[in-house]
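Biologist: I am new to this structure and would like a close look at a single part of it. Please take me through its salt bridges, together with the surroundings of the residues that form them.

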Amino acid sequence: HLGGGGRLNGRTVRIDGSILTVIGVMPKEFTYPSGTDVWLPFVPQGDSRTSHNWAATARLAPGATVADAQREISTLTRLMKARYGSDMDAVDAVVRPLREELTGSRREPLLLLLGSAALVLLIACANIASTLLARGADRQREIAVRTALGAGRGRVVRQLLMESVVLSALGTAAGLFAGWVVLRGLLAMGAGIVSPEQAGFDMRVLGFALTIGISTAMLFGLIPALRTSDSNLVQGLRQGARGSTTGARAIWRVLVLVEVALALVLLVGSGLLLQSFWAVLRNDPGFRPAGVLVADVSLPGQLEAPAVVGVYRNILDDVRRLPGVSAAGVTAYLPLGGSGINGGFLREGDPADQDSGTLWYRVAGAGYFEAMGIGLVKGRFFDSHDVKGTGDVAIVNEAAARQFWPEVSPIGRRIRRLRNDDFVYGDSTWLTIVGVVADVRHRSLTAPADAEVYVMAEQRPYRLSYGGSIAIRAGGDIGALAGQVRDIVARANADVPVEFRSLVDVVASSVADRRFTMIVLLLFAVVAVALAGVGIYGVVSFTVARRTREMGIRMALGATPASVRGLVVRGSMGAVLGGLVLGLLIAFAAKGVVKSLLYQVSATDMRIYFGGGALVLVAGYLASALPAFRATRIDPMTTMRSE
């Protein structure tokens, strides 16, 4: 942006009206805190010890631990509390590793997805083992001939392992390509749980994939190779292509059982997350997001209160005159935006030596509630008559009304000493409550509404001095409205940057981590069920191919095709049913893994368990029945002649 690369010594920039000199350039990869482009010097202002909204980042001394730092910080905090008393609210501070701070609530979902990926890998490996066992049975005569001609067992094993490695290498390459495509899709979806910088394909990813691919090929190809190379020489030469499969059937049943069990575990987990996600979306946010465009503006920091009020008034007056706009208003803290402040207040009639309680503090202007679709319960909204000098007014939500005025209507009641702005507007000015609005879920769709107070933006604009969000309700295409609003903002103040988003996108972003986890786990579950079905199909197809002569004899002696198909299906469904039982037990035992990620859904919801079991059962039946049906359509006499 500055055109100087790393040579910016002496270059000046204007930020919030201040002229600052560039003294350093950080590496492109360094963006801590997340998304930061510019770092400014921290200059403490004032002596307030009740605004606990700062966090310190420190490097531990050599040999020190987090526990050591916690003890020292806790001691300092207790000493400060003893010294400053009621002038300081905090009684302790929390010390935790930076990695934990960065991952936060995303650690558990990412670990869950890592475990799910491992389960899918195990299912794929079971499929590979089944395939190699089947190929080994078909190649018994070939191996016997090689051995008879002098090939040692070690050479045969090396050949079979090399074939497994080649197969695994091809699969790894295909998997990397598929992973790259899927990852681009997830990031383009705006999942939010990971950034492109954190989830990019680099040498570490390639090295990990190659290591896993080769290791699984060696591990799961070794047993089939050893078993195939250990075949009886004379028996192998005699049996030819009709080598016995009796010994392999037991191994195949175990592999199918494992595949089905793991697929069911993933299916149950994804089903629980899917039901939980829909439960979150069913929650009423307290506003109507459809048809609302949000314009986030950042004002120059040097503007005084009258200028701040003037900029917003000019913007809103012009926006409201745009065709299709039915309402528009400004707020300092948009719902689900991840920001907000709370503090004490004094209720009229309560002792003045202590706070009456705590309220979350919101700044809103005229037209804001109408634009957001927030319902009015009692009284009135803010209007254009609520300006400086007409008597300060406030609006509370239903949660505040229930908590602080349970017996009476809060309309007409007065409050003062709002801790979030009394350092600007003093603590003696009374605010009269003129309205009660519906509860809004500001923190998240899963968090209950807090007790909140809204103050009028034109009367108390301090929290809007550095920026705010303008909500615009309009009919038709709100995206086309952005260009007109941008021109209006530029006319009001050319130094004000503006960014646009729809309120629907704001709601979607608030559940992005849940959506990401659900989609990826659901994708894993679908792949797992498909792999299990392919594995069952392959085993049954091979078994049917080996038993073609037997089936021909049975039908020649009077057995119906349906009875022969039933014989084949029953033989494979035993392993499927065993896998279902094992999978249900594993899923129930591992319910605690997803429990913390669920919302209003029981981790033992039997509908999900048995629904997933039914789906896997149907997939297993179809995978068993299709090759059996195909085999019984062959003319038994043709089969007998070919044998």
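Modeller: A residue is called buried when its relative accessible area is under 20%, exposed when that area is over 50%, and partly exposed in between, as computed with a 1.4 Å probe on protein chains only. The model is a predicted one, in which local features need pLDDT of at least 70 and side-chain atom pairs count only at pLDDT 80 or more, whereas totals for chains, interfaces and linings use all residues. Residues are numbered from 1 along each chain as its sequence is written, and side-chain values use heavy atoms, with hydrogens and water left out.

A salt bridge requires a side-chain nitrogen of Lys or Arg within 4 Å of a carboxyl oxygen of Asp or Glu. The whole structure contains 19 of them.

One of these joins Arg460 to Asp392, with 3.2 Å between the closest N and O atoms. Arg460 belongs to the loop between β11 and β12 (468-474), while Asp392 belongs to the loop between β7 (376-379) and β8 (393-397), so this pair ties together parts 68 residues apart in sequence. Strands here are DSSP runs of E with at least two residues, and helices are runs of H or I with at least four, numbered from the N terminus. Both Arg460 and Asp392 are buried. Elsewhere, Asp355, Arg417, Arg419 and Asp422 form one network through salt bridges that share partners.

Arg362 and Glu452 make a further salt bridge, again with the closest N and O atoms 3.2 Å apart. This pair links distant parts of the chain, 90 residues apart: Arg362 is in strand β6 (residues 357-364) and Glu452 in strand β11 (residues 452-456). Arg362 is buried at 1% relative accessibility, and Glu452 is buried at 0%.

The pair of Asp350 and Arg347 offers another setting. Their side chains meet at 2.8 Å, N to O. Asp350 is partly exposed, at 25% relative accessible area, and Arg347 is also partly exposed, at 21%.

Arg362 also leads to the nonpolar surroundings. Among the residues that Tyr454 touches, leaving aside those up to four places away in sequence, are Arg362, Phe369, Phe382 and His442; contact means heavy atoms within 4.5 Å. Tyr454, Phe369 and Phe382 touch the most other members of the largest nonpolar core, which has 88 residues. Helix α8 (residues 246-281) gives the most to this core, namely 16 residues. Such a core is a set of buried Ala, Val, Leu, Ile, Met, Phe, Trp, Tyr and Cys residues joined through side-chain atoms within 4.5 Å.
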